[in-house]
Amino acid sequence: MEREGKVYVFDHPLIQHKVSLMRMKETSVKEFRELAQEVAMLMGFEATRNLPLKDVEIETPITKTTTKMLEGEDIAIVPILRAGLGFVDGMLALVPNAKVGHIGLYRDPETHEPHEYYCKLPKDVEKRQIFVVDPMLATGGSAVAAIDFIKQRGGKNITFMCLIAAPEGIRALHEAHPEIDIYIAAKDDHLDENAYIVPGLGDAGDRLYGTK
């Protein structure tokens, strides 16, 4: 029996403050992009809390000692294109040796269903702790599809990270992949008739890259 995944909603003041700035419609593209990187790093710090450690012997300027280091740096960061790219630099600041995969999905404007157009993952993805990143978890369709693709290619140890989630998206992701831990900076109220998160922050991709 697989373990049941948990939902972690961050209450750290810095994360909440920066997410509030990202929600504001007057926040510029430059500011939004910088804030996304900062929040990703703060969230990644907590999401990597359970990475395994090992004892190693080192020599300080004073003496030899046994201390803790990561057991391995077998981490993969997989952004869902294109908005997920806004999380990558913040995560890499924490784990610079991580490998980065990419999954490209677009949402059908009528059905809101995700369609894959690109998937490139590390060859040894089955050995890695995988962090799937996307700013928004709305219907959950893209997150479910991305994790489906990763599992089909051998990925097993998967965590999902996003800025803002709707209850509908959390429910859909856990129904499809009940073992996945979900890390979110804010849990919002609901989806509107266009499947946008309310109150949300608009289209994260457009706000990251200045498009409409």
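These are my notebook entries on a few things I looked up in this structure, which is a predicted model.

**Entry 1: the UniProt binding sites**

I began with the record. In an unreviewed entry, UniProt places a "binding site" feature at I197, G202, D203 and A204. I then checked the largest pocket, and its lining includes I197, G202, D203 and A204.

UniProt, again in an unreviewed entry, also lists R82, R107, D134, P135, M136, L137, A138, T139, G140, G141, S142 and D203 for "binding site". From this set, the lining of the largest pocket takes in R82, R107, D134, P135, M136, L137, A138, T139, G140, G141, S142 and D203.

**Entry 2: a closer look at I197, A204 and T139**

Is I197 buried or exposed? I197 counts as buried, because its relative accessibility is 8% and the cut-off for buried is under 20%. I found I197 in strand β13, which covers residues 197-198. Leaving out residues up to four places away in sequence, I197 touches M136, L137, A138, I164, A165, A166, D188, H190 and L191. M136, L137 and A138 are also among the residues UniProt lists for "binding site".

A204 sits in helix α6, residues 204-209. I put A204 down as buried too, because its relative accessibility is 4%. Which residues does A204 contact, leaving aside its neighbours within four places in sequence? I noted F32, A83, P135 and M136. M136 also turned up on the list for I197.

T139 is in the loop between β9 (136-137) and α4 (141-152). With a relative accessible area of 28%, T139 is partly exposed.

**Entry 3: salt bridges**

Next I went after charged pairs. Side chains of opposite charge can pair when their charged atoms come close. How many salt bridges does a search of the whole structure find? The search finds nine. I followed up on three pairs and a network.

K18 forms a salt bridge with E38, and their closest N and O atoms are 2.8 Å apart. This pair links distant parts of the chain, with K18 in helix α1 (residues 13-23), E38 in helix α2, and the two positions 20 residues apart. K18 counts as buried at 17% relative accessibility, whereas E38 is partly exposed at 32%.

R23 pairs with D188 in another salt bridge, where the closest N and O atoms are 2.7 Å apart. Why does this pair tie together parts that are 165 residues apart in sequence? It does so because R23 lies in helix α1, while D188 lies in the loop between β11 (181-187) and β12 (190-191). R23 counts as partly exposed at 25% relative accessibility. D188, at 8%, counts as buried. I had already met D188, since I197 touches it.

R82 and D206 meet through their side chains in a salt bridge, 2.7 Å from N to O. Here too distant parts of the chain are linked: R82 is in the loop between β4 (75-81) and α3 (88-94), D206 is in helix α6, and they are 124 residues apart. R82 is partly exposed, with a relative accessible area of 34%, but D206 counts as buried at 17%. R82 also belongs to the pocket lining from my entry on binding sites, and A204 is in helix α6 as well.

K99, D124 and R128 are joined into one network by salt bridges that share partners.

**Entry 4: a nonpolar patch**

I also looked at the surface. Which residues make the nonpolar surface patch of about 280 Å²? My note says M41, F45 and L94. M41 lies in helix α2, residues 29-47. The relative accessible area of M41 is 34%, so I call this residue partly exposed.

**Entry 5: V29**

V29 is another residue of helix α2. With a relative accessible area of 30%, V29 is partly exposed. Not counting residues up to four places away in sequence, V29 touches R207, L208, Y209 and G210. Helix α6 covers residues 204-209.

Finally, I looked up how V29 and I184 are placed. They are 155 residues apart along the chain, and their C-alpha atoms are separated by 22 Å.

Key:
Residues numbered from 1 in each chain as written. Predicted model: local features only at pLDDT ≥ 70, side-chain atom pairs only at ≥ 80, totals over all residues. Heavy atoms only, no water. UniProt positions renumbered as here; feature names shortened; annotations may be inferred. 1 Å grid on protein atoms, 1.4 Å probe; cavity = no way out; pocket = protein on both sides within 12 Å on 5 of 7 lines; lining within 4 Å. Helix = DSSP H or I, 4+ residues; strand = E, 2+ residues; numbered from the N terminus. Buried < 20%, exposed > 50% of the residue type's maximum accessible area, 1.4 Å probe, protein only. Contact = heavy atoms within 4.5 Å. Patch = residues over 30% accessible without salt bridge, like charges linked within 9 Å, V, L, I, M, F, W, Y side chains within 5 Å. Areas by Shrake-Rupley, 256 points an atom, 1.4 Å probe, with all protein chains shown as cover. Salt bridge = Lys/Arg side-chain N within 4 Å of Asp/Glu carboxyl O.
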